[in-house]
Amino acid sequence: QVQLVESGGGLVQPGGTLTLACEGSGNLFTIGVMRWYRQSPGNQRELVASITDAGSINYADFVKGRFTISRDNTKIAVYLRMHNLTPEDTAVYSCNAEGQRALRGRSFWGRGTQVTVSS
């Protein structure tokens, strides 16, 4: 089993910066792709960014140039550095990890961390 816990959310002014972290328990080598999603009230959950265990990265168009995803390959951990935040970025941000090898086919989620962008 893998348990994921997000941290780093909070209230920030427009134009501000936040860094989210997601750390997990379990065997690092059973985790492949890690992703950040977000969901705001009344909207569907949307993919923000993803990073494979080999370091291949993809971003949603709405965050390109503002957000940076990274991971620590010594443990189960993924980060999201968010710059130039706008009120439209307000949402609950959750991390997701796909299992591989012994955990192939499994998908793990954290509970999320609230990000509020407001003056």
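The following paragraphs lead through a predicted model, from one of its sheets to its disulfide and the strand that carries one end of that link. Local features are reported at pLDDT of at least 70 and side-chain atom pairs at pLDDT 80 or more, while totals for chains, interfaces and linings use all residues. Residues are numbered from 1 along each chain as its sequence is written, and side-chain values use heavy atoms, with hydrogens and water left out.

An open sheet of 4 strands runs in the order β1-β3-β8-β7, with antiparallel pairing. Strands are DSSP runs (E, at least two residues), numbered from the N terminus, and two of them pair if DSSP finds at least two bridges between them. Strands of a sheet pair through backbone hydrogen bonds, either parallel or antiparallel. In this sheet, β1 (4-7) and β7 (67-71) each have a single partner strand, so one side of each is left without a neighbour in the sheet.

The edge strand β7 pairs with β8 (residues 77-82) in the antiparallel sense over 5 bridges, and a hairpin of 5 residues joins β7 to β8. Within this pair, T68 stands opposite R81, and I69 has L80 as its bridge partner. The two faces of β7 differ in their surroundings: F67, I69 and R71 lie on a covered face, whereas T68 and S70 lie on an uncovered one.

Attention now turns to the disulfide. A disulfide is a pair of cysteine sulfur atoms within 2.5 Å, and the whole structure holds 1. This disulfide joins C22 to C95, with an S to S distance of 1.8 Å. The pair links distant parts of the chain, since C22 belongs to strand β3 (residues 18-24) and C95 to strand β9 (residues 91-99), 73 residues apart. Buried means under 20% relative accessible area, exposed over 50% and partly exposed in between, for a 1.4 Å probe and protein chains only. By this criterion C22 is buried, at 0%, and C95 is likewise buried at 0%.

The disulfide thus leads to β9. In β9, 7 of the 9 residues are buried, so this strand is largely enclosed by the rest of the structure. Strand β4 (residues 31-39) pairs with β9 in the antiparallel sense over 7 bridges, and there R38 has Y93 as its bridge partner. Strand β11 (residues 113-117) also pairs with β9, antiparallel over 3 bridges, and in β11 the bridge partner of Y93 is T113. Finally, β9 and β10 (residues 107-109) form an antiparallel pair over 3 bridges, in which A97 stands opposite F108.
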